[in-house]
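Hi everyone, thanks for making time this morning. I have one chain to show you, so let me put it up on the screen.

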Amino acid sequence: HDIGCQRGVPIKERSTRYLFVGFLHPSLLHEDDAAIAADVVAFLSPFAVRDVIPHRAGGRVSASVELEAAVGYRDFQDLRGRKYRSCYTITVDDAQPGDITRSSMHCPRLYGPAQYCRMWNLGGFAHWPECCPFRHRNDDWPTARAEYQLTTLPRGSAKYEEIHRDLQFSAPFENHDPVTVLEIQAIRNDTLAQLYAERLGFVAAKQNSVFELELWHGTVPGALDSVLRDGLQPPSDRAAAPD
């Protein structure tokens, strides 16, 4: 049997201390990180494990693993061929940070169902595996050729008054300055709207419900065009520049 087994990434160097294992047993989706780590340690025994960082995505569980000592090609092949829980086939990938080979390849997540890579803007500063090793060209994004239109909402219109009221209720903000609304514009981006609708349908199908929130987002003028064209693209582990 296999549990969502995907094509593995072979070892790139003579040895590696970093692995990706998945997908793990679905029952672990409802367990804590310690239970997932124990499951991974049991699978990799007798190789000593230094760190296990679980990943949960939809109904799938996987993990990034740092070993105490590097394993060579033969041991790596043994791990890839062994059975998980004595009967399942899962993926064991070489997940070395800074993989030069994969840095020249297009990120497969951008061509998958989600058309989005959550780790593209992570440098691994918080956790070593949270950094996508693949290339993310501007042309690879589904919003690369997206266009948007801005329409000024008339003062006194129902939508203008609704947004104005909600914004005032949210004040004061961090600097405690009073809020003065100069203009409210509606953004129409058909590409983003379609991507959002597809994602909404995916979440609803997986979880049988969808919970949405309206949030305020501030940004610097230089980033406004990217936000309106590509949408927000969290998360990031980089600190904001002082200026």
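I'll go from the overall layout to the cores, then to some backbone details, and finish with a pocket.

One thing before we start: this is a predicted model. The chain has 243 residues, and 28% of them are buried. Its secondary structure comes to 6 helices and 6 strands. If you read along from the N terminus, the order is β-α-β-β-α-β-α-β-α-β-α-α, with two helices at the C-terminal end of that series. Now think about contacts between residues at least 6 apart in sequence: 69% of these join residues at least 24 apart. As for the outside, the accessible surface is about 16,000 Å², and carbon and sulfur atoms account for 53% of that.

Let's move inside. In soluble globular proteins, nonpolar side chains tend to be buried together. Here the largest nonpolar core has 21 residues. Leu-19, Val-21, Leu-24, Val-40, Leu-44 and Val-65 are the ones with the most contacts inside it. Which elements each supply at least two residues of this core? They are strand 1, helix 1, strand 2, strand 3, which spans 60-72, and helix 2. Strand 3 gives the most, with 5 residues.

Val-21 is a nice place to zoom in. Leaving out residues up to four places away in sequence, Val-21 touches Val-40, Phe-43, Ser-62, Ala-63, Val-65, Thr-91 and Val-92. There is also a second, separate core of 8 residues, and its members include Leu-110, Leu-122, Cys-132 and Trp-141.

While we are on buried residues, please look at Arg-102, in helix 3, residues 100-103. Is Arg-102 buried or exposed? With a relative accessible area of 9%, Arg-102 falls under the 20% cut-off, so it counts as buried. Arg-102 and Phe-134 are 32 residues apart in sequence, yet their C-alpha atoms are 5.1 Å apart in space.

Now the backbone. Most residues other than glycine have a negative phi, and most peptide bonds are trans. So where does this chain depart from that? Two peptide bonds are worth a look. From Gly-22 to Phe-23 the bond is cis, with omega near 0°, and Phe-23 sits in the loop between strand 1 (15-22) and helix 1 (33-44). From Ser-45 to Pro-46 the bond is also cis, with omega near 15°; Pro-46 belongs to the loop between helix 1 and strand 2 (49-57).

For positive phi, go to the loop between helix 2 (73-81) and strand 4 (91-94), where you will find Arg-85. Its phi is about 55°, although Arg-85 is not a glycine. Ser-86 lies in that loop between helix 2 and strand 4 too, and its phi is near 70°. How exposed are they? Arg-85 has 37% relative accessibility and counts as partly exposed, whereas Ser-86 is at 68% and counts as exposed.

Last stop, the second largest pocket. Rolling a probe the size of a water molecule over the atoms shows where empty space is left. This pocket has a volume of about 230 Å³. Trp-120, Asn-121, His-217, Thr-219, Val-227, Leu-232, Gln-233, Pro-234, Pro-235 and Ser-236 line it. What is the make-up of that lining by class? There are 5 nonpolar residues, 5 polar ones and no charged ones.

That's my tour, and thank you for listening!

Terms used: Residues numbered from 1 in each chain as written. Predicted model: local features only at pLDDT ≥ 70, side-chain atom pairs only at ≥ 80, totals over all residues. Heavy atoms only, no water. 1 Å grid on protein atoms, 1.4 Å probe; cavity = no way out; pocket = protein on both sides within 12 Å on 5 of 7 lines; lining within 4 Å. Points joined across faces, edges and corners; volume = space filled by probe spheres on them. Nonpolar A, V, L, I, M, F, W, Y, C, P; charged D, E, K, R; others polar. Helix = DSSP H or I, 4+ residues; strand = E, 2+ residues; numbered from the N terminus. Buried < 20%, exposed > 50% of the residue type's maximum accessible area, 1.4 Å probe, protein only. Contact = heavy atoms within 4.5 Å. Areas by Shrake-Rupley, 256 points an atom, 1.4 Å probe, with all protein chains shown as cover. Core = buried A, V, L, I, M, F, W, Y, C linked by side-chain atoms within 4.5 Å.
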